Structure formats: structure tokens, C-alpha cells
Amino acid sequence: MDEGRPGVAATLRALNGALGRPAALWVKESGARNLRHRDFLAPRAALSAAFPGGQVGRAGAGRPRLCRRPAVLPLRVCRQTPAGLAVQVRRPEAFQRLLGPLPGPAPPAAGARTGSVVLHCPALRGSAALRPRHLRSVLLADHLAQLLRAQGVGVRLVPALTEERSWDVLRQLRICWPSDFGGSSLTDAVSALKAALGRCPCAAACEQGPGTAEGVIFKVHLKSFVEQQGLVGYDPNLDVLLVTEGILWSLAELQEAVLQCTVSDPRHCLPLASQSSCCSIIHVVNCEEEFQQQQLDVLWRILDPGAHTALQKHLVCGPVKVTNPSSPIGADQYFQLRKHQMYEASVIKYGELAQDEAWTEVIDTLTVAAIRFEMLSTAHRSQITLDLENNSISTKGTKSGAFVMYNCARLATLFDTFQRAVERGTYPPLPPVSELNFSCLREEGEWLLLFNYLLPFPEVLQQAAQLPPPSKGIRITAHTETVCKFLIQLSMDFSSYYNRVHILGEPFPHLFDQMFARLQLLGAVRDVFHSALATLHLPPLSQI
């Protein structure tokens, strides 16, 4: 994040430092009701624990005025209130500082990568048809890759897609996944893994014959290795693994991905990594296939006892329950059903307009948004329930992807209308931000949009991409639901503001200051929408 741009974390650190206490005493307010009186609060209970008798006195009152640093919001003096110490931001100055630069994170400088990670999605292996449960882990890996890249992290996606299966549903959902990998190098790697198995004390070669499963070339005793190494977090039922050529090919592809990561940038690693020459490996897997992935994990540790195999972690997705299915539904059927429902909902809302050919792309984008939000707005460990009834999707629901896209399109329409009015001479062009009068922004919803969304947005993206520090277990938790929830709440507050406030008023010069300040604010809101939607591979809509 730009060091000169005010941020929530920097402001909270400055406030805590002003009280002379390292503990996190201050909290940021977010509710409209409290924001009428204060922006930050040190609750009385926290103060009582930090100061004898709860009396802060001169230790705190007035001192936040000293917090005048580039990354700290401009603050007014502290006030003692029944709730605790309260601080308000100097709002016109905050508007000025936050609406100048783009509210998203600055693009990482060339070569300034902060780590490397391999995201492995086992759902894309094999020949079985994709189900909604597989789609959840694929969408999550795709989203996490975008979030990590936005923070300057190098990402490799595994496995590569093969030509043996149809991947239409991935293309329809705008999932960007590699489809080519080094063939000859992988063949050599598989041969090397076979040789390693031949030397491994945990493995025994299998001769093809009666009683031997087809394609099995080795039996490997996983349980004894797990116990000897003291590995934590693995299923106690791990025992003997029947190794096939396909399993070795999967390991070879993972090895190749790790090699490419370390060769391209051997200097940096994510927090998961313990050595600077390795990249982190995250297996994004649905809960029904977690056991099989643990087997692959342990086998890789046995055959390649390097630092990178010790950095394997498992990001497990909860179950996807489908209600009222007439038969098991595939990912392609799921997409087509949602697309048909979105078309019908759009016809109900927009009439014959939605039947125009120009709306085909709009319907496709709304469908992708609906599915991505349906799959990603819930914490990845929790169960998702898909209701496939005809009335289960709508363009009106405030917690849907379609609602987010609708509000993004409203912003596009607003600025298109303004631009056409400028071309007709109705309004003058939007002045430079340095000439705007942000003291005109007094409406409650305007501060809500700035303080709850524009201000914390870079930190929201950082939190969503944050991976946990090293730990003994193999499971990790990621905040992959953060962006969807952020966009849903932003859409609700923007919609409430937009329905209540008339932006483009009468063309009277004395009204221009307020209109221009509001347009600058909403232009920044539009940029936040676009940046957040980009992590979901969703293009902004210009109309709905």
C-alpha cells in the first residue's frame, strides 16, 4: 500500500502509541449510528484494564493530535465519553487525501515480488465429470491466485488441463487455468520417481498378476513414515498406498511447478515457507477428496525429502449440498441451469429488453457472478447448499452476485450520463481533484462509503490474500470469502445512498461544487468495484 495513503492499521497503531500502550485499545467504528459521533473508540472496559482506575487523563486526552504521519488519518482531539475515549477524523481533509490517488493497491514494482506459491487443485485431475463440489475448489483456487498476484506473489497453477476432457464450463466461468506443461521433462521426472521408489525402504514393487490391481506398480507404507517423522494432522487411517503411473505423473507435475517457481525467483518465500530457496505448496481440495490428497502429500515427502515438500499445506473446502436434484448434477448442468434462471429473472425485471441479442453477454456475466458469489461468499470450511429450484436465483437479492453487478452498472450509467451532459454543454467537465471542495460532502452515506470501503480497501485485499504462518498441522485457513462479502456490503450501502441522493442536479453553478465532489467520491467507489471484481475475473458491466 502507498506509504502516503492513510490506512486503518497505521491509524490504529498511531492511536495506541499515543496512549503509551502497546496493546490494541482502539477500534474502528463502522456502523452509521456510531459514526455520527465518533470514528475511533477506545472502549471504557479496555481502558480500565490498561490504566489504573480507568483514568486516562492527560495520558490520552489530546495526544492523538500528534499522530500526523503520512499513513495516519487527520485526527481531531480526543474526547472522554460514557463509552470511552472517542476520536473523530477531520473529514474534509480525509476526503482530500483519499480521493486523490486510486483507492486500490499500487501495482507492485518490477522484481518486487513477495513470494512464490504453487496452488494445486486435484479436482482437475482424472477423467471423472466435474461436480459442483469440484467447481468450488477450482473457483477458490482461481480467486486465491488472483488475490496473491495482486499482492506481488508469483503463482503456479497445477495441474495443467489436458485435451482429453472438455473444459467448456471453466471457460464459461472465466477461470484462467494453464493448459500446457513440459512433456519430456515430466517423463524424465516420472522415471526418476520410479527409481526413487525402487530404493525406498517403505515401498515394495508389485508384479502384475492375479490379485494385483491393474496399473499398480508399487505398494508404499505411509503410516510408518508418518509415525517416524512425527507428522501432525494426517488421517490416522493412512496406511498402504497403491502407487500407479498416474500418481507419479501428478507428483512430477508438482515438482516441475516448484522448480519453475524457485528458478524464476529463488530469493523470496511466503510466510508459510521456512527457507528462502523454496516456494509454498497449497493443495486446494474438497473435503471428500482430502484423504487421497493426504496420501499424495506423504508419498511426495517420502520420495523427495526436500524443504519444499515439508511446506505442503491443505486448504480444505467444505461440502456442497445440492437440494432437490433429480439425479447427480454436473458442473456443466449447474452452469446452464443458473444461466436459464438468470435469463428468466432478467426478463421478469426488464421485459423484452432482456431478450435482445445485445443482452447475451450481460446474461453470461450475471450468471458467472451469481455462481462465483454463491461458491465464494461463504467461508471455505463451511458447507454450501445449492437450491436448484427455479425461484432460487434473482436479480433483486441484496446478497447475490447479480446485485453487485447491478450496482456496478448503475455507476457506469451515472458517469456515462454525466459525460454526455458535458458534451452537450449542460455541465462543465469535472475539475482536478485539487480544486474540489470536499467540505460539501456532509451526507451520512458519503462518509460511510469513504470510511468503510475506500479507506480499508487495500487492507481488505491484503487480508484476503494473507496466508497463515508456519505451523505443525497441515490444514490452513484462508479468508477467501472476504472480497465477496466486502462487495455485497459495499453494494448495499452504495445502493442506499444512491437511492436517497440525487447526484446530477440542476445545472446551476452554485450546485456544481457539491455535484463534483460527489462524482469524485463515486468515481473512487467505481474503481474499488472494478479492482475487487478483477480478483473474481468479473468484468464491470456498462448496462443492466
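**Exercise 1.** Which residues do ring pairs link into a cluster?

*Solution.* Keep in mind that we're working on a predicted model. Start with the tally: the ring-pair rule gives 12 aromatic pairs. Then follow the links from ring to ring, and you get a cluster made of Phe40, Phe95, Phe438, Trp447 and Phe451. Phe40 turns up again in Exercise 3, as one of the residues with the most contacts inside the largest nonpolar core.

**Exercise 2.** Work out how the rings of phenylalanine 494 and tyrosine 498 are arranged, then find what else phenylalanine 494 pairs with.

*Solution.* Step one, geometry: the ring centres of phenylalanine 494 and tyrosine 498 sit 5.3 Å apart, inside the 6.5 Å limit for a pair. Their planes meet at 35°, and angles from 30 to 60 degrees count as tilted, so this pair is tilted.

Step two, place the two residues: both belong to helix α16, 4 residues apart, or about one turn of the helix. Phenylalanine 494 is buried at 0% relative accessible area, while tyrosine 498 is partly exposed at 24%.

Step three, the other partner: phenylalanine 494 also makes an edge-to-face pair with phenylalanine 529, at 6.4 Å centre to centre and 75° between the planes. Since phenylalanine 494 is in helix α16 and phenylalanine 529 in helix α17, this pair ties together parts 35 residues apart in sequence. Phenylalanine 529 is buried too, with 0% relative accessibility.

**Exercise 3.** Describe the largest nonpolar core and say which helix gives the most to it.

*Solution.* First, its size: the largest nonpolar core holds 131 residues, and Trp26, Phe40, Leu170 and Leu522 have the most contacts inside it. Next, the helix: α17, spanning residues 509–534, contributes the most, with 13 residues. Finally, look beyond this core: another one lies apart from it, with 37 residues, including Leu197, Tyr234, Ala257 and Cys261. As background, nonpolar side chains tend to be buried together in soluble globular proteins.

**Exercise 4.** Where does the second largest pocket lie, and what lines it?

*Solution.* Begin with the space: the second largest pocket has about 350 Å³. Now list the walls: 14 residues line this pocket, and Asn452, Pro456, Val460, Gln463 and Phe486 lie nearest its centre. Sort the lining by type and you get 5 nonpolar, 5 polar and 4 charged residues.

Then go by helix: α14 (444–454), α15 (457–465) and α16 (482–500) each supply at least two lining residues, with α16 giving the most, 5 residues. Last, go by domain: domain 1 (8–89) and domain 3 (331–535) both give residues to the lining, so the pocket lies between them.

Methods:
Residues are numbered from 1 along each chain as its sequence is written. This is a predicted model: local features need pLDDT of at least 70, side-chain atom pairs count only at pLDDT 80 or more; totals for chains, interfaces and linings use all residues. Side-chain values use heavy atoms; hydrogens and water are left out. A nonpolar core is a set of buried Ala, Val, Leu, Ile, Met, Phe, Trp, Tyr and Cys residues joined through side-chain atoms within 4.5 Å. Buried means under 20% relative accessible area, exposed over 50%, partly exposed in between (1.4 Å probe, protein chains only). On a 1 Å grid over the protein atoms alone, a cavity is a set of points where a 1.4 Å probe fits but cannot get out, and a pocket is an open set with protein on both sides within 12 Å along at least five of seven lines; lining residues have an atom within 4 Å of a point. Grid points are joined across faces, edges and corners, and a volume is the space filled by probe spheres set on the points. Ala, Val, Leu, Ile, Met, Phe, Trp, Tyr, Cys and Pro count as nonpolar, Asp, Glu, Lys and Arg as charged, and the others, Gly among them, as polar. Domain bounds come from an automatic or database domain assignment. Rings of Phe, Tyr and Trp (its six-membered ring) pair if their centres lie within 6.5 Å; planes under 30 degrees apart count as stacked, over 60 as edge-to-face and the rest as tilted.
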